[in-house]
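Here's a quick tour of one protein model, written for someone who likes cut-offs next to claims. Have a look at the sequence and coordinates, then read on.

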Amino acid sequence: MRTFATIEDLAAAVGESLGPGDWFPVDQTRVDGFADATDDHQWIHLDPQRAADGPYGGTIAHGFLTLSLIPALMRRLYQVKGVRMAVNYGLNKVRFPAPVRTGSAVRAEAVIAAVDPVDGGVQVVMAVTVTADTAGKPVCVAETVSRLLTGASR
């Protein structure tokens, strides 16, 4: 975990790498809950017997589940003191090069790509790579855009 004392310290670290973070488990209960939340009940995610004969030898997490874990994984990589609120602003690019096997664990590494001033704080672009303990290549590569707000709330 890297702690930046100020937004300015974060901005001075553009180009630096963070992580890798701690492993985060992706179990079948989490995959089932995501399927219910998104109404994506494809067998490759939910049916262990059928998925055992499928292309991955078992169930896999939804790609968007992996993507949705990035905020939790990033909280394990860094923090900035004096930030009132952090919000997800968007994504510039996302790819899922490999599946996340259910029962595996994932973790993130990131490169601070940009820190630019915006009204009330800064916009942070991170080049994030998520890996799994069961995959030989990244399971998600994403360029995330967040806003760190320091000003008074409206």
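What follows covers strand pairing, aromatic contacts and a couple of single residues.

First, the ground rules. This is a predicted model, where local features need pLDDT of at least 70, side-chain atom pairs count only at pLDDT 80 or more, and totals for chains, interfaces and linings use all residues. Residues are numbered from 1 along each chain as its sequence is written, and side-chain values use heavy atoms, with hydrogens and water left out.

**Strands around β6**

Helices (H or I, at least four residues) and strands (E, at least two) are DSSP runs numbered from the N terminus, and two strands pair if DSSP finds at least two bridges between them. With that in hand, here are the partners of β6 (residues 104–118).

| Partner of β6 | Sense | Bridges | Opposite residues |
|---|---|---|---|
| β2 (residues 17–18) | antiparallel | 2 bridges | Ser-17 and Val-111 |
| β3 (residues 24–26) | antiparallel | 3 bridges | Val-26 and Ser-104 |
| β7 (residues 121–132) | antiparallel | 12 bridges | Val-106 and Ala-132 |

β6 and β7 form a hairpin with 2 residues between the strands, and Gly-120 there has a positive phi near 90 degrees.

**Aromatic pairs**

How many aromatic pairs turn up in a search of the whole structure? The search gives 2, counting Phe, Tyr and Trp rings (the six-membered one for Trp) with centres within 6.5 Å; planes under 30 degrees apart are stacked, over 60 edge-to-face, and the rest tilted.

Phe-4 and Tyr-78 make an edge-to-face pair, 6.3 Å centre to centre with 75 degrees between the planes. Phe-4 sits in strand β1 (residues 2–4) and Tyr-78 in strand β4 (residues 78–80), so this pair ties together parts 74 residues apart in sequence. Buried means under 20% relative accessible area, exposed over 50%, and partly exposed in between (1.4 Å probe, protein chains only). Phe-4 is buried at 2%, and Tyr-78 is buried at 12%.

Phe-64 and Phe-96 are also edge-to-face, at 6.0 Å between centres and 75 degrees between planes. Phe-64 belongs to helix α5 (residues 63–68) while Phe-96 is in the loop between β5 (85–95) and β6, so the pair links parts 32 residues apart in sequence. Phe-64 is exposed at 57%, and Phe-96 is partly exposed at 35%.

**Two more spots**

Arg-147 lies over the face of Tyr-89, 3.8 Å from the ring centre; the test wants NZ of Lys or CZ of Arg within 6 Å of the ring centre and within 35 degrees of the ring normal.

Gln-42 is in the loop between α2 (28–38) and α3 (43–46) and is partly exposed, at 42%. The C-alpha atoms of Gln-42 and His-62 are 9.3 Å apart, with 20 residues separating them along the chain.
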